[in-house]
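Dear colleague,

Please find below the structure that I am handing over to you. A short account of its aromatic pairs and nonpolar cores follows.

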Amino acid sequence: MEFTLPNSDQSFVESLIPQKFPFVMVGEVSEYSESHVISGFTIKEDNIFVHEGIFQASGLIEHQAQSVALHTGYKYFLLGKDAPTGYIGAIKSFEANALPKVGDQLITEATILNEMLGVTLVEIITKINDTVIAKSQMKTVVK
């Protein structure tokens, strides 16, 4: 089977990240380059980060981190290797202007600022309908 972008095949997307159900917070990889990735995710009622119909800030942070993992996983996919396990090493900043509701479609762009020795510094912007709802800068570490 050939995989092209954009791609929302859940099995394919999940093969790119180490997280498994019910902890998967990405549903699509739309664009990829060495320096960025764009991911998508639709908030569902049964999501573990949804409380009273609202996707919590902790879920936004996890979604953003998994978007970075998606970048790494897609890079490994192109190399014919399995996706590595990674962790949030540090969150330099996080700002949420709004919290998404059930049914909202998140579009997140992660831009790689620096990558060295398995540590990646990224800037991440999450939008709903072209409106920025969250920004962060974090370091992720590949095991």
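Which residues do ring pairs link into a cluster? In this predicted model, the cluster consists of F12, Y32, Y74 and F77.

Two members of that cluster, Y74 and F77, form a tilted pair, with 5.5 Å from centre to centre and 40° between the planes. Both residues belong to helix α2, which spans residues 57-78, and they are three residues apart, about one turn of the helix. Y74 has a relative accessibility of 7% and therefore counts as buried, whereas F77, at 31%, is partly exposed.

Across the whole structure, the search finds seven aromatic pairs. One of them joins F49 and F55: their ring centres are 6.3 Å apart and their planes stand at 85°, so this pair is edge-to-face. F49 is buried at 15% relative accessibility, and F55 is buried at 0%.

Turning to the nonpolar cores, the largest has 19 residues, and the members that touch the most others are L16, I17, V26, V29, L70, V122 and I124. Two or more residues each come from α1 (10-15), β1 (28-33), α2, β6 (105-116) and β7 (119-128). Helix α2 gives the largest share, five residues.

Beyond its neighbours within four places in sequence, L16 is in contact with V29, A69, L70, G73, Y74, F77 and A83. L16 thus contacts both residues of the tilted pair described above.

Another core lies apart from the largest one; it has eleven residues, including F41, I43, L60 and L106.

With kind regards

Methods
Residues are numbered from 1 along each chain as its sequence is written. This is a predicted model: local features need pLDDT of at least 70, side-chain atom pairs count only at pLDDT 80 or more; totals for chains, interfaces and linings use all residues. Side-chain values use heavy atoms; hydrogens and water are left out. Rings of Phe, Tyr and Trp (its six-membered ring) pair if their centres lie within 6.5 Å; planes under 30 degrees apart count as stacked, over 60 as edge-to-face and the rest as tilted. Buried means under 20% relative accessible area, exposed over 50%, partly exposed in between (1.4 Å probe, protein chains only). Helices (H or I, at least four residues) and strands (E, at least two) are DSSP runs, numbered from the N terminus. A nonpolar core is a set of buried Ala, Val, Leu, Ile, Met, Phe, Trp, Tyr and Cys residues joined through side-chain atoms within 4.5 Å. Contact means heavy atoms within 4.5 Å.
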